[in-house]
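Biologist: I keep reading labels like "pocket", "core" and "paired strands" off models. Could you walk me through what earns each label here?

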Amino acid sequence: MASSPNPRQLSRRERQIMDILYELGGEASAEDVRTRLPDPPSYSAVRAMLVKLEAKGFIRHREEGLRYVYFPTANRSAARRSALSQLVKVFFEGSPGQAVSALLDQEKWSEEELKEMSETIDRVRRNRRSK
């Protein structure tokens with residue numbers, strides 16, 4: 001079984017392309033991507049980057065008439081978990097607690113958001129007790 005693509009293999013532009021694909025609901029043509037890139041390169045340069053992303057295993061494509069539509073191989077939730085795991089590993093010594101503390105210290109949270117976080121913590125505690 002092939003391993004998942006490693007997000008550290010992505011250049012800045014490739015990460016931007018992946019972000020655009022997820023923002024557009026998980027699929028887009030090369031022109032859709034190109035028009036949303038900051039300082040957009042040529043159409044052929046975008047196509048080349050998409051081919052490279054496909055070779056790395058991050059995206060696939062299907063044909064729709066005369067155009068290719070590209071989509072990520074991992075769903076947004078899996079990509080989010082992978083990116084968050086990497087962020088915690090690199091910037092917070094692998095400690096999710098340190099990452100959460102940093103977020104709590106820097107953000108101005110609404111009462112609704114604080115309530116949601118509290119409920120999530122309670123749910124995690126209940127799940128641990130039931131195991």
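**Labels and their reasons**

Modeller: Sure, and bear in mind that this is a predicted model. Take the lining of the second largest pocket: it splits into 7 nonpolar, 1 polar and 3 charged residues.

Biologist: What makes a residue such as Thr120 or Arg123 part of that lining?

Modeller: Lining residues have an atom within 4 Å of a pocket point, so Thr120 and Arg123 make the list, along with Val100, Trp109 and Met117, among others. Helix 5 (96–106) and helix 6 (111–129) are the elements that give two or more residues, and helix 6 gives the most, with 7. The pocket's volume is about 390 Å³.

Biologist: Why are strand 1 and strand 2 called paired?

Modeller: Pairing takes at least two bridges, and 6 bridges join residues 59–64 to residues 67–72, so strand 1 and strand 2 pair, running antiparallel. One of the matches is Glu63 with Tyr68 in strand 2. The two strands form a hairpin with 2 residues between them, and Gly65 in the turn has a positive phi of about 65°.

Biologist: What makes Ile17 and Val33 a contact?

Modeller: Contact means heavy atoms within 4.5 Å, and Ile17 meets that with Val33, as well as with Leu37, Met49, Leu50 and Leu53, leaving aside neighbours within four places in sequence.

Biologist: Which residues have the most contacts inside the largest nonpolar core?

Modeller: Ile17, Met18, Leu21, Val33 and Ile59, in a core of 17 residues. Helix 1 (12–23), helix 2 (30–36) and helix 3 (43–56) each supply at least two residues, with helix 1 giving the most, 5.

Definitions and conventions
Residues are numbered from 1 along each chain as its sequence is written. This is a predicted model: local features need pLDDT of at least 70, side-chain atom pairs count only at pLDDT 80 or more; totals for chains, interfaces and linings use all residues. Side-chain values use heavy atoms; hydrogens and water are left out. Helices (H or I, at least four residues) and strands (E, at least two) are DSSP runs, numbered from the N terminus. On a 1 Å grid over the protein atoms alone, a cavity is a set of points where a 1.4 Å probe fits but cannot get out, and a pocket is an open set with protein on both sides within 12 Å along at least five of seven lines; lining residues have an atom within 4 Å of a point. Grid points are joined across faces, edges and corners, and a volume is the space filled by probe spheres set on the points. Ala, Val, Leu, Ile, Met, Phe, Trp, Tyr, Cys and Pro count as nonpolar, Asp, Glu, Lys and Arg as charged, and the others, Gly among them, as polar. A nonpolar core is a set of buried Ala, Val, Leu, Ile, Met, Phe, Trp, Tyr and Cys residues joined through side-chain atoms within 4.5 Å. Buried means under 20% relative accessible area, exposed over 50%, partly exposed in between (1.4 Å probe, protein chains only).
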